[in-house]
Number of protein chains: 2
Amino acid sequence: MGISDLIAGFIQEALEDSDGVLELQRSDLAQRFNCVPSQINYVMSTRFSPEQGYIVESRRGGGGYIRITRVRVDRETLLMHVINSLGDTLDLPSARAIARNLVDNGAISLEAGRTLLSAVGDAALRAAPRESRGAIRADVFKQVLIHLV
Amino acid sequence: MGISDLIAGFIQEALEDSDGVLELQRSDLAQRFNCVPSQINYVMSTRFSPEQGYIVESRRGGGGYIRITRVRVDRETLLMHVINSLGDTLDLPSARAIARNLVDNGAISLEAGRTLLSAVGDAALRAAPRESRGAIRADVFKQVLIHLV
DNA sequence: TTCATTTTGGTCAAAGAAAGTCAAAATTCA
DNA sequence: TGAATTTTGACTTTCTTTGACCAAAATGAA
């Protein structure tokens, strides 16, 4: 077990204690674990990605920080299920149907549903080449859902 | 948390109390927070800009002052303003800044803001050719906002 | 009135304080 | 062994703090 796992473990415990949100300083943490600061970035991107249910925000400069938020898991399963069922390409009618469903289920808010649909509509993707529109639509759709988890 | 944040916090509280307008003296404030006067200018420009919903006026000389006014614009106007200010192409950092602002202003919900950002992120647009990404990002961003108005 | 002085606030650039990126080197795993 | 993962560190970017110098408004003396 490497140092990355140690750091990840430490953060997860701290997240338990602090009930889901945690703010820390990159260099502090690096010192505590005796590693270079950039290793913290590595840990963030490999173990605390949105796909894994975390949101990581940060700020540079004096008084900078890294904030990690664990998102709740209830609708996570539902959303994950939907995400995993999506293929590499997606047409607009299907997108509409899926969004409608998620809203009806209460998995996402009406506002988020609308936002989602306007992001994958024809007007939004008009600058994209025809042949890759389906793929882009699928990517956008997935990304939005992933980040909503 | 740095000194700039302290100062900003102090001002915001004072604004609450005084119901939206506040007049103060640069050197007073600087003394109170034990910093150089120009730091006040820094705080003004980074935390009380018009984009963030404030008007800052000032006057030099004897009896000089800095007046901060919090302005409340209705969300429709604000959204329209933002939409119209967008160009044909948009980079990710700018998108982030704008979204953050809209959320802070209460013009869109946090959820919608997140949704918006994940829709224009790199992962969402990876299937789009590099050279048209900026354009697609701008289109998506605009469409989402338009539908949120 | 006119002009010098004083009292404010403004600008800008340099220095400092975090965090981010990227790719090479090291290590681990299949 | 070869590929994937992890560890490092040089370099970059962003945000903050500080200070030297500038500009404008008020005030009072000539």
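Of the DNA strand C atoms within 4 Å of the protein, 67% belong to sugar or phosphate, and the rest belong to bases. This is a predicted model, in which local features need pLDDT of at least 70, side-chain atom pairs count only at pLDDT 80 or more, and totals for chains, interfaces and linings use all residues. Residues are numbered from 1 along each chain as its sequence is written, chains are lettered from A in the order in which they are written, and side-chain values use heavy atoms, without hydrogens and water.

Start at the DNA. There are 28 residues around strand C; a residue is near the strand if one of its heavy atoms lies within 4 Å of it. A:Asn41, A:Ser58, A:Arg60, B:Asn41 and B:Ser58 come nearest. The surface near strand C has four nonpolar, 18 polar and six charged residues. Here Asp, Glu, Lys and Arg count as charged; Ala, Val, Leu, Ile, Met, Phe, Trp, Tyr, Cys and Pro count as nonpolar; the others, Gly among them, are polar.

Now look at single atoms. A side-chain N or O atom of A:Arg26 is 3.0 Å from a base nitrogen of strand C. The backbone takes part too. An N or O atom in the backbone of A:Gly61 lies 3.0 Å from a sugar or linking oxygen of strand C. For B:Gly61, the corresponding distance is 3.1 Å.

Next, the core. The largest nonpolar core has 55 residues. Such a core is a set of buried (under 20% relative accessible area, 1.4 Å probe, protein chains only) Ala, Val, Leu, Ile, Met, Phe, Trp, Tyr and Cys residues joined through side-chain atoms within 4.5 Å. A:Val140 and B:Val140 have the most contacts inside it.

Methods:
Buried means under 20% relative accessible area, exposed over 50%, partly exposed in between (1.4 Å probe, protein chains only). A polar contact is a pair of N or O atoms within 3.5 Å; within protein, one must be able to donate a hydrogen and the other to accept it, and residues adjacent in sequence count only if both atoms are side-chain atoms.
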